[in-house]
Amino acid sequence: MPRSALAGGARDGASVEVDGWTVAAAYDDPAHEYAALRESAALVDWAFRGRLVATGADRVDFLQGMLSNDVRALAPGTGCAALLLTEQGKVVADCIVLAQADAIVLDARAGAIAGAREALERYIVADDVELAADGETHACALLGPRTDEALARVGMTPPPATPYAHDVRATAFGEVRIVRLPAPGGGGVLCLVPRERVAAWWGAWVEAGIATAGFSAFEALRIESGVPAYGVDVGPDTIALEAPYGAAISFGKGCYLGQEVVERVTARGHVNRKLVPLLVEAQDPQSVPHQGDAIVAGDKEIGRVTSAAWSWRAGRPVALAYVRREHVAPGTAVEVRTATGTLTAVVQAHE
């Protein structure tokens, strides 16, 4: 299993496996790292994300017919969120799409990228399209409301405020692509750094006084923000409209793979379940629910937990869970059945 070049600084050697990569669980106190993500800005190792590069004269038209968002509308330096679906409207991958002058790059968690490549290659027949894995860059995120100030501290001009706007900066560590991110929390930027120089690049930011955050703090931010992770909250059995992917779907672009199902479900007005954030009424960090714990209303099971973490901001556990559509309204009270007992929880709005 690949080990991130940035995992060596983990606090007490604590690491975690994410999508086939070993990354640091924490570099310091996770509570302090979380506070930096919420209140200022912190670097997060996203080694577990990968990129698929599409080139060739037909790349735009091909991906326009495959992805759920309007790829044809993207000028170089712009981007969007998009889904790759099956013909049945189920999620193969949730991607960040980046338009470059000579390529389109899909960025997602490693498992989703592997699935996307396999699926897309099946549809390439006479198209002038080539797909290749990007083995040259390492992904890091700088997240928090003071991201732009942190960039300025290391002498970098922030990218435009438009979501997924991006450009390349020349640095002492090679060319780095900076991408504006709208979420989670206060948003931030994705930094695609030359893989062989990423440890030195990270060290230079630390020397400049930029905080770092491990996977534990990042997961708390992600879950309480209601952002799904592919392979955890979303997978090949998930219908696109069951998860909060509204910004990734264009309803005016025309045909794409899985569109008929999306349009049919939209016309019907609902899906049978939705992924929602929960605030769990427990004040003990040991009471965090586990993936698979049942969600109940009365004596009826209405869903399952997909991911959960301790929220330092709320002083309680937070979770993402699929629940039946009758129970998705913010403020709805439900219960979580854990191995140690039943906990009350309240459905939250997505940030």
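Q: Is Arg38 buried, partly exposed or exposed in this predicted model?
A: Arg38 is found in helix H1, and in this predicted model its relative accessible area is 17%. Because buried means a relative accessible area under 20%, the value of 17% places Arg38 in the class called buried.

Q: Which residue joins its side chain to that of Arg38 in a polar contact of 2.9 Å?
A: Leaving aside neighbours within four places in sequence, Arg38 is in contact with Pro145, Gly185, Leu221, Glu224, Ser225, Arg313 and Glu351. From this list, the partner whose side chain is joined to that of Arg38 by a polar contact of 2.9 Å is Glu224.

Q: Which strands does helix H1 touch where it packs on the sheet, and what angle does its direction make with that of S13?
A: The sheet in question is open and has six strands with mixed pairing, in the order S10-S11-S12-S9-S3-S13. Its edge strands, each pairing on one side only, are strand S10 (166-171) and strand S13 (211-213), and the twist averages 30 degrees from one strand to the next. Helix H1 (residues 30-39) packs on this sheet, where it touches strand S3 (42-45), strand S9 (137-143) and S13, and the direction of H1 makes with that of S13 an angle of about 110 degrees.

Q: In S11, which residue is the bridge partner of Val168?
A: Strand S10 pairs with strand S11 (residues 174-181) over six bridges, in the antiparallel sense. Within this pairing, the residue of S11 that serves as bridge partner of Val168 is Arg177.

Q: What are the edge strands of the sheet with the order S5-S6-S7-S4-S8?
A: This open sheet is formed by five strands, and its pairing is antiparallel. The two strands that each pair on one side only are strand S5 (79-85) and strand S8 (130-133).

Q: By how many degrees are neighbouring strands of this sheet turned against each other on average?
A: The sheet is the open one of five strands with antiparallel pairing. With direction ignored, the average turn between its neighbouring strands is 30 degrees.

Q: Which residue of S7 is the bridge partner of Arg49?
A: Strand S4 (residues 49-55) and strand S7 (residues 104-109) run antiparallel and are joined by six bridges. The partner that Arg49 has in S7 is Arg109.

Q: At what angle to S7 does helix H3 run?
A: Helix H3 (residues 110-123) lies across S4, S5, strand S6 (91-99), S7 and S8. Relative to S7, helix H3 runs at about 135 degrees.

Methods:
Residues are numbered from 1 along each chain as its sequence is written. This is a predicted model: local features need pLDDT of at least 70, side-chain atom pairs count only at pLDDT 80 or more; totals for chains, interfaces and linings use all residues. Side-chain values use heavy atoms; hydrogens and water are left out. Two strands pair if DSSP finds at least two bridges between them. Helices (H or I, at least four residues) and strands (E, at least two) are DSSP runs, numbered from the N terminus. Axes are lines fitted to C-alpha atoms, for helices over the stretch in contact, and angles run from 0 to 180 degrees between N-to-C directions. Contact means heavy atoms within 4.5 Å. Buried means under 20% relative accessible area, exposed over 50%, partly exposed in between (1.4 Å probe, protein chains only). A polar contact is a pair of N or O atoms within 3.5 Å; within protein, one must be able to donate a hydrogen and the other to accept it, and residues adjacent in sequence count only if both atoms are side-chain atoms.
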